[in-house]
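This report describes a single protein chain, beginning with its charged side-chain pairs and proceeding to its fold, its nonpolar core and the confidence of the prediction.

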Amino acid sequence: MLALAGAQTIWPGNQEVRFRDIRDGTSNTLMVVHANADAAVDWMKPEDINFDPESPFAGLQNARGQVLVVFCDGHARPLSLSLDPEILRALATRAGGEVISHEELDIPANSGRSIRPRSRR
């Protein structure tokens with residue numbers, strides 16, 4: 001398992017992120033992911049997997065067509081690699097304003113469903 005690092009993730013490098021900074025909700029924000037063999041690092045190495053919004057599944061592919069992820073609230077689940085890339089991008093950001101229902105995590109790409117932006121009050 002590797003931290004999903006990137007400017008808009010909960011692991012933005014040297015910047016401190018607090019729970020209150022996770023505005024999309026801890027149950028809707030990824031913390032760590034199971035990397036494929038090409039992206040994996042020795043467990044003693046202090047490295048993460050860099051999240052690329054242009055290629056959100058990079059380093060996550062596996063033979064079973066799923067990736068195991070852990071969310072910031074501590075729950076873990078597999079995600080299908082046929083998941084819409086927009087949903088994975090939304091889950092990777094800590095404050096992107098997207099609302100993701102967990103039923104949507106089981107909907108394959110090209111299903112015609114879209115992410116609903118969170119209402120700003």
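In this predicted model, the side chains of arginine 18 and aspartate 21 form a salt bridge, with a nitrogen-to-oxygen distance of 3.6 Å. Arginine 18 also meets glutamate 16 in a salt bridge, here at 4.0 Å from N to O. The structure holds 3 salt bridges, and they are listed below.

| Salt bridge | N to O distance |
|---|---|
| Arginine 18 – aspartate 21 | 3.6 Å |
| Glutamate 16 – arginine 18 | 4.0 Å |
| Arginine 89 – glutamate 86 | 2.6 Å |

The accessibility of the partners can be given for several of these residues. Glutamate 16 is exposed, with a relative accessible area of 58%, whereas arginine 18 is partly exposed at 38%. In the pair formed by arginine 89 and glutamate 86, arginine 89 is partly exposed at 22% relative accessibility, and glutamate 86 is likewise classed as partly exposed, at 42%. Why can arginine 89 and glutamate 86 be related to a helical turn? Both belong to helix α1, which spans residues 85-92, and they lie 3 residues apart, so about one helical turn separates them. Elsewhere, salt bridges with shared partners connect Glu16, Arg18 and Asp21 into one network. In general terms, side chains of opposite charge can pair when their charged atoms come close.

**Fold and strand pairing**

The chain contains 1 helix and 7 strands. Read from the N terminus, the order of elements is β-β-β-β-β-α-β-β. Strand β1 (residues 2-5) takes part in two pairings. With strand β2 (residues 30-33), β1 pairs in the antiparallel sense over 2 bridges; within this pairing, alanine 3 stands opposite valine 32. With strand β3 (residues 49-50), β1 pairs in the parallel sense, again over 2 bridges, and alanine 5 stands opposite asparagine 50.

Contacts across the sequence may be summarised as a proportion. Among contacts between residues at least 6 apart in sequence, 62% join residues at least 24 apart.

**Burial and the nonpolar core**

Of the 121 residues of the chain, 38% count as buried. The accessible surface amounts to about 7400 Å², and carbon and sulfur atoms account for 50% of that area.

Which residues touch the most other members of the largest nonpolar core? They are Leu30, Leu79 and Leu91, within a core of 21 residues. Strands β1, β2 and β4 (66-71), together with helix α1, each supply at least two residues of this core. The largest share, 5 residues, comes from α1. Leucine 91 has contacts with Asn28, Thr29, Leu30, Phe71, Leu79, Ile100 and Leu105, leaving aside residues up to four places away in sequence. This list includes Leu30 and Leu79, which were named above with Leu91 for their contacts within the core.

**Confidence of the prediction**

The mean pLDDT of the chain is 82, and 83% of the residues score at least 70. Among the elements, helix α1 has the highest mean pLDDT, 91, and strand β7 (residues 116-117) the lowest, 54. Where pLDDT is low, the predicted coordinates should not be read in detail. Helix α1, with its mean of 91, is also the element that contains the pair arginine 89 and glutamate 86 and that supplies 5 residues to the largest nonpolar core.

Note on methods
Residues are numbered from 1 along each chain as its sequence is written. This is a predicted model: local features need pLDDT of at least 70, side-chain atom pairs count only at pLDDT 80 or more; totals for chains, interfaces and linings use all residues. Side-chain values use heavy atoms; hydrogens and water are left out. Helices (H or I, at least four residues) and strands (E, at least two) are DSSP runs, numbered from the N terminus. Buried means under 20% relative accessible area, exposed over 50%, partly exposed in between (1.4 Å probe, protein chains only). Contact means heavy atoms within 4.5 Å. Accessible areas come from the Shrake-Rupley method with a 1.4 Å probe; for residues, only the protein chains shown count as cover. Two strands pair if DSSP finds at least two bridges between them. pLDDT is the predictor's confidence in each residue, from 0 to 100. A nonpolar core is a set of buried Ala, Val, Leu, Ile, Met, Phe, Trp, Tyr and Cys residues joined through side-chain atoms within 4.5 Å.
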